[in-house]
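Student: I would like a close look at a single part of this model. Please keep the answer connected.

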Amino acid sequence: MIRLKLHIEIAIATVLIAVYTLPALAQFIGNSPGRSLQKAPPVRFVYPEQVHISAGKPAAVALHFRVAEGMHVNSHTPREDFLIPTTFSIPAGEGVRLESASYPVGSDISLPSAPKMKINVYSDEFTVEARMMAAPGNHLVKGVLHFQACNETQCLPPQTITAAVDVVAK
Amino acid sequence: MIVLFAVLFILAIFAWAGWANWEYRQQAAKREAATMAASSGFAADPDTGTVVFHSALTGKPAPDFTLKNLQDQPVSLASYRGKAVMINFWATWCAPCKVETPWLVELRNKYAPQGFELLGVSSQGDDVTPKDKTAWDKDKVDIAKFAQQEKLPYPVLLGGDGISKPYGGVEDLPTSFFVNRKGVVVAAVMGLTSQSELERDIQKALQD
């Protein structure tokens, strides 16, 4: 009886130790050697994941975006004609219509090499107020943010990201 | 005794897993460093110690290309053999590109008598493709307007995205490649640098 009890204790101890050592083995088995060579996206949609609005009435939804550290995107009103503004849209046919979008006021910055050239940008976090009108029901809205990002010395091509929001309209 | 042996055995496995993980990461880091050395990336300049852009094309023949200019005429890199050439990837929506444009105009005019030419290769970005005629035409109008405003004395070529891949996948703008008279890339820069640095690379292309 004592022997059986001892064997059970040994088995439990072994299992517990094995469970705690598995993460160490998993690190070795995994195929992620270190940091990725891929650049992080310059802008990403942060929240909300879901909103509840009244069906058939325009409702304001605050969409929060984050700009990667060290980078900026042109604001909706970038000051120079040749710069591409940040815009938000909702494709047709998603059960939700974008009535209007309000953009925050950006910050004026200038490049170190061109102190006289002012550009109006968003950096860190910014919020777009989207007034949406939805038919009754659940709608997975894939809004589109179009922007063009730079840092102080170089620019990336214009690109879009999806702001996916579950809109529940009752 | 058996319990002690079992515990020691498990701990030995744990220690071995930790060592193996460390060893794997060391080898992976070495492989990554070798890959970076063979491809484009940033590295410390051996002379100055500052971090500079290194292109995998440096020391190799510049990939040939033919693009159309604003007058819709084909222009090929090969037609400039015997001249030093700066291939400057830029875009109208790129503020740093606009900053360096006056420098490029000045340097091109200064070194043209010595057999130097600059090719301004416009990169529209993912937004604009030839299939989207409206956007493509608008982009051409914007480029022509910019070229006129800045009084660009050098050829402006359209459709730079089409030759991005052989040049290492140019995404960040501005990016420039300096090609000597024999058609070999002798230097490359990515991002806004300085007029003096651009001039140094032009002189390098003229000398080699």
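Which residue takes a positive phi just after helix 3 of chain B?

Tutor: The model is predicted, so local features need pLDDT of at least 70 and side-chain atom pairs count only at pLDDT 80 or more, while totals for chains, interfaces and linings use all residues. Residues are numbered from 1 along each chain as written, with chains lettered from A and ligands numbered from 1 in the order written.

The residue is Lys151(B), with a phi of about 55°. Helix 3 of chain B (helices are DSSP runs of H or I, at least four residues; strands are runs of E, at least two; both numbered from the N terminus) covers residues 133-149. Its 17 residues span 24 Å from first C-alpha to last, close to the expected 24 Å (1.5 Å times one less than the number of residues).

Asp139(B), Ile143(B), Phe146(B) and Ala147(B) are buried in this helix (20 or more other C-beta atoms within 10 Å; exposed means 12 or fewer). These four lie on the same side of helix 3 of chain B because they cover an arc of only 100° around the axis, taken from the directions from axis to C-beta atoms. Exposed on the other side are Lys133(B), Thr134(B), Asp137(B), Lys138(B), Val141(B), Gln148(B) and Gln149(B).

The cover over the buried residues includes strand 6 and strand 7 (156-158) of chain B. Both strands belong to an open, mixed sheet of seven strands in chain B, ordered 4-3-7-6-5-8-9 (pairing needs at least two DSSP bridges). Strand 4 (74-76) and strand 9 (185-190) of chain B are at its edges, each with a single partner strand, so one side of each has no neighbour in the sheet.

Conventions. Contact = placed C-beta atoms within 7 Å.
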